[in-house]
Amino acid sequence: MRLGVLDVGSNTVHLLVVDAHPGARPLPAHSHKAELRLAQLLDEDGAIGPDGVDRLVAVVREALQAAEDKGVEDLLPFATSAVREATNADDVLARVREETGVELRVLSGAEEARLTFLAVRRWFGWSAGKLLVLDIGGGSLEIAYGIDEEPDTAVSLPLGAGRLTAARLPGDPPHPDDVRALRRHVRTEIARTVGDFSRFGAPDHVVATSKTFRQLARIAGAARSAEGLYVQRELKRASVEAWVPRLAAMTGAERAELPGVSEGRAGQLLAGALVAEAAMDLLHVESLEICPWALREGVILRRLDHMGQG
């Protein structure tokens, strides 16, 4: 069957269409994206403003039309941290439902972490052993650890690259004092969770997903996306540490000229790099591997599992 996943994230609204059936690898058939940056559209009260809601409704309507055009049989719509944490989330969800017919399921941070972990486990298989999975989104950072398909522990922290950039890095380039203050904040938040993971011992394989990690790996010399899904891409902590001061000295326009960095994400790459550096350092990660599957694939795999049981 042809499945569609509609991911209303903190940066983008992404429709991924796949051909899938239980027991088989989902094959991507179509991708439709719109940059919305909901995490940066929150007002002082933490609500998504009228303009943001209007844009969200319009983008969901476009994605719905694209899903219909591509013959999607089953649409799995969900939203993550930007909607989850908006003070007017219920009103936003009601308006989307009333004007588009789409019932967005709001995932908790723990669900995000677990579904991303499932996708990574299926990609690498059982031979990867104990997995530590890191995922930096626009609104949150997810960390999960385990040896099975369900992680033994998983946390979600409000350390997304878009959120931190909007709230804590106003300059372009940012002021060094702001960068130092953000570095301290990020490390304090992550350090509180380190004990949740260290008690399970060292992982056998450390994996990262998300655009932020892919871009950091690319500027550090990893293969281009055009070279395919199956090319191994690694990111070393030493590379991130070397790039942080360079990114801090650049404007967003200068970062956009780096290989693999899109103009829309360039402004938040520094915040993402600070989170990546802190997580790798505090969790004693020298090197990690980039996984092409993440949350959207986890949602699809969970749906296929339920179909197989039916």
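Reader: Before anything else, is His284 buried or exposed?

Author: In this predicted model, His284 counts as exposed, with a relative accessibility of 68%.

Reader: And where is the place of His284?

Author: His284 sits in the loop between α12 and β11, the latter covering residues 287-290. The backbone there deserves a look as well, since phi of His284 is near 60°, which is a positive value in a residue other than glycine.

Reader: Which value does phi take at Arg37?

Author: Phi of Arg37 is near 55°, again a positive value in a residue that is not glycine. Arg37 belongs to the loop between β3 (27-35) and α1 (50-69), and with a relative accessible area of 31% Arg37 is partly exposed.

Reader: Where is the cis peptide bond, and what is omega there?

Author: The cis peptide bond joins Asp172 and Pro173, with omega at about 0°. Pro173 is found in the loop between α5 (161-168) and α6 (176-191).

Reader: Let's go inside. How many residues are in the largest nonpolar core, and which have the most contacts inside it?

Author: The largest nonpolar core has 49 residues, and Phe213, Leu247 and Leu288 are those with the most contacts inside it. Helix α12, residues 269-282, supplies the largest share of this core, namely 10 residues. There is also a second, separate core of 27 residues, and among its members are Leu6, Val13, Leu15 and Leu38. As general background, nonpolar side chains tend to be buried together in soluble globular proteins.

Reader: What is Leu288 in contact with, leaving aside its neighbours within four places in sequence?

Author: With those neighbours set aside, Leu288 is in contact with Leu134, Val206, Val207, Ala208, Phe213, Arg233, Glu234, Leu235 and Met280.

Reader: Met280 is on that list; is Met280 buried or exposed?

Author: Met280 counts as buried, because its relative accessibility is 0%, and its place is in helix α12. Apart from neighbours within four places in sequence, Met280 is in contact with Leu235, Lys236, Arg237, Val240, Val285, Glu286, Ser287 and Leu288. From C-alpha to C-alpha, Met280 and Val206 are 9.6 Å apart in space, although their positions lie 74 residues apart in sequence terms.

Reader: How do the axes of α9 and α12 cross?

Author: The axes of helix α9 (residues 237-249) and α12 come within 9 Å and cross at roughly 150°. That angle makes α9 roughly antiparallel to α12, and the crossing of these helices is left-handed.

Reader: Which residues make the contact?

Author: On the α9 side the contact is made by Arg237, Val240, Glu241, Val244, Leu247 and Ala248, while α12 contributes Leu269, Leu270, Ala273, Leu274, Ala276, Glu277, Met280 and Asp281. By class, the residues of this contact divide into 10 nonpolar, no polar and four charged.

Reader: Glu241 is in that contact, so to speak of it alone, what is its relative accessible area?

Author: Glu241, which is in helix α9, has a relative accessible area of 34% and is therefore partly exposed. Glu241 and Ala278 are 37 residues apart in sequence, and their C-alpha atoms are 9.4 Å apart in space.

Reader: Switching helices, at what angle do α1 and α3 pack?

Author: α1 and helix α3 (residues 89-100) pack at an angle of about 40°, with their axes 10 Å apart. This makes α1 oblique to α3, and α1 passes α3 in a right-handed crossing. The residues making this contact are Val53, Asp54, Leu56, Val57, Val60, Arg61 and Leu64 of α1, together with Val92, Arg95, Val96, Glu99 and Thr100 of α3. They divide into seven nonpolar, one polar and four charged.

Reader: Last one: where does Val133 lie, and what does Val133 touch?

Author: Val133 lies in strand β6, residues 131-136, and is buried, with a relative accessible area of 3%. Not counting residues up to four places away in sequence, Val133 touches Thr116, Phe117, Val120, Glu142, Ile143, Ala144 and Val207. The C-alpha atoms of Val133 and Thr209 are separated by 7.7 Å, and these two residues are 76 residues apart along the chain.

Methods
Residues are numbered from 1 along each chain as its sequence is written. This is a predicted model: local features need pLDDT of at least 70, side-chain atom pairs count only at pLDDT 80 or more; totals for chains, interfaces and linings use all residues. Side-chain values use heavy atoms; hydrogens and water are left out. A nonpolar core is a set of buried Ala, Val, Leu, Ile, Met, Phe, Trp, Tyr and Cys residues joined through side-chain atoms within 4.5 Å. Buried means under 20% relative accessible area, exposed over 50%, partly exposed in between (1.4 Å probe, protein chains only). Helices (H or I, at least four residues) and strands (E, at least two) are DSSP runs, numbered from the N terminus. Contact means heavy atoms within 4.5 Å. Axes are lines fitted to C-alpha atoms, for helices over the stretch in contact, and angles run from 0 to 180 degrees between N-to-C directions. Angles under 35 degrees count as roughly parallel, over 145 as roughly antiparallel, 65 to 115 as roughly perpendicular and the rest as oblique. A crossing is left-handed if the near helix is turned anticlockwise from the far one by less than a right angle, and right-handed if clockwise. Ala, Val, Leu, Ile, Met, Phe, Trp, Tyr, Cys and Pro count as nonpolar, Asp, Glu, Lys and Arg as charged, and the others, Gly among them, as polar.
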